[in-house]
Amino acid sequence: AIEPKLNRVYVVNSGSDNVSVIDGATQTVIATLPAGKMPYAIQLDAGLHRGLVMNTYSSFVTEIDERTNQTRSLPLGAKDAVEIDSNLHRAYLLGYEDTALTVLDERTHTTSRAPAVMHLWGLAVDRQRGMLYATEAQSHALLVIREASGAETTVPVGAMPCAAAVDTRTGLIYR
C-alpha cells in the first residue's frame, strides 16, 4: 500500500509476520513493524494516517499508526480483505468464510455487520460516488452497496469473480 502524503510504501510479509515500511524517496526500509500472525492484506487511510492489516487465520486485525509506526491488535475476527473509504473513515473487512461484511468506523473503532453472502472475494470502493462493490464468487455476481443507505443491488457477472476495481474518473467498475 502507498501513503503519498508521507511518501511511504507498506509491504505485508506473510512469511515473516511483519510489515516493511519503505521510504519512497530513498527506496530503503525505514522500519519493520510486527503485524500479528499471517498478515495477508493492507489498506491505508491517509486522512487518519492509519493502516489496517488483515491477519488471515487469526482473530485479530493489526492497526498501524503511520506517524509513530506503532501497531496494535483489534479483536475483529479472521479477515482476508479490506477496503477503506477514506472520505468516511470507514473500513470494510471481509472473511472469505463469513456471511457478512464487518464495517469498522476508524475514528471510534465501533463495528457493525452488513449482511452479505459467503465467499465474498474482492472489494472496491468508489469514494466519489459512495459505492462499495464486492465480488460474490459462488453466486457469479457483483454486490453493490450504497454507503449512505446500505441499499444493496446484485449484478450478474461471469463465473467466479474474484477482484474488482473502480475508475473513479468515469465511474466504471472492472471485475
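Which residues is Thr135 in contact with, leaving aside its neighbours within four places in sequence? I opened the notebook with this point and then worked outward to the chain and to several loops. I note at the outset that the model is predicted.

**Entry 1: Thr135**

I looked up the contacts of Thr135 and, leaving aside neighbours within four places in sequence, found His119, Leu120, Trp121, Gly122, Ala141, Leu142, Pro161, Cys162, Ala163 and Ala164. Thr135 belongs to strand β14. I then asked whether this residue is buried or exposed. Its relative accessible area is 0%, and the cut-off for buried is under 20%, so Thr135 counts as buried. I also looked for a partner of the side chain and found the backbone nitrogen of Gly122, at 2.7 Å. Gly122 is also listed among the contacts of Thr135.

**Entry 2: The chain as a whole**

I turned to secondary structure and recorded zero helices and 18 strands. How does the radius of gyration of the chain stand against that of a compact globule? For 175 residues a compact globule would have a value near 16 Å, and the chain has 16 Å, so the two agree. Along the principal axes, the C-alpha atoms fill a box of roughly 45 × 35 × 30 Å.

I next recorded burial and surface. Of the 175 residues, 46% are buried. The exposed area of the chain is about 8600 Å², and carbon and sulfur atoms supply 53% of this area. For contacts between residues at least 6 apart in sequence, I noted that 31% join residues at least 24 apart. The chain carries 15 positive and 19 negative charges, and the mean positions of the two sets lie 3 Å apart.

**Entry 3: Arg72 and His109**

I placed Arg72 in strand β8, which covers residues 70-74. His109 sits in the loop between β11 (100-105) and β12 (111-115). What joins the side chains of Arg72 and His109? I found a polar contact of 2.9 Å.

Leaving aside neighbours within four places in sequence, Arg72 is in contact with Val61, Thr62, Glu63 and His109. I checked Thr62 further: Arg72 and Thr62 are 10 residues apart in sequence, and their C-alpha atoms are 5.7 Å apart.

I compared accessibility with the cut-offs for the partly exposed class, which lies between 20% and 50%. Arg72, at 42% relative accessibility, therefore counts as partly exposed. His109 has 26%, so this residue is also partly exposed. I made a separate note on the backbone of His109, where phi is near 65°, a positive value in a residue other than glycine.

**Entry 4: Met160 and Gly130**

I found a further positive phi at Met160, about 50°, although this residue is not a glycine. Met160 is in the loop between β16 (152-156) and β17 (165-167). Its relative accessible area is 60%, so Met160 is exposed.

From Met160 I went to Gly130, which occupies the loop between β13 (120-126) and β14 (131-136). How far apart in space are Gly130 and Met160, C-alpha to C-alpha? The distance is 25 Å, for a separation of 30 residues in sequence. With neighbours within four places in sequence left aside, Gly130 is in contact with Ile145, Arg146 and Glu147.

**Entry 5: Met38**

I located Met38 in the loop between β4 (28-34) and β5 (39-45). At 30% relative accessibility, Met38 is partly exposed. Its contacts, leaving aside neighbours within four places in sequence, are Ser14, Asp17, Met54, Asn55, Thr56 and Tyr57. I then took the distance to Arg146, a residue already noted as a contact of Gly130. Met38 and Arg146 are 108 residues apart in sequence, and 31 Å separates their C-alpha atoms.

**Entry 6: Arg169**

I closed with Arg169, which lies in the loop between β17 and β18 (172-174). Is this residue buried or exposed? Its relative accessibility is 70%, so Arg169 counts as exposed. Arg169 and Gln128 are 41 residues apart in sequence, and I recorded 8.9 Å between their C-alpha atoms.

Note on methods:
Residues are numbered from 1 along each chain as its sequence is written. This is a predicted model: local features need pLDDT of at least 70, side-chain atom pairs count only at pLDDT 80 or more; totals for chains, interfaces and linings use all residues. Side-chain values use heavy atoms; hydrogens and water are left out. Helices (H or I, at least four residues) and strands (E, at least two) are DSSP runs, numbered from the N terminus. The radius of gyration is taken over C-alpha atoms; the globule rule is 2.2 Å times the number of residues to the power 0.38. Buried means under 20% relative accessible area, exposed over 50%, partly exposed in between (1.4 Å probe, protein chains only). Contact means heavy atoms within 4.5 Å. Accessible areas come from the Shrake-Rupley method with a 1.4 Å probe; for residues, only the protein chains shown count as cover. Lys and Arg count as positive and Asp and Glu as negative; His and the chain ends are not counted. The place of a charge is taken as NZ of Lys, CZ of Arg, CG of Asp or CD of Glu. A polar contact is a pair of N or O atoms within 3.5 Å; within protein, one must be able to donate a hydrogen and the other to accept it, and residues adjacent in sequence count only if both atoms are side-chain atoms.
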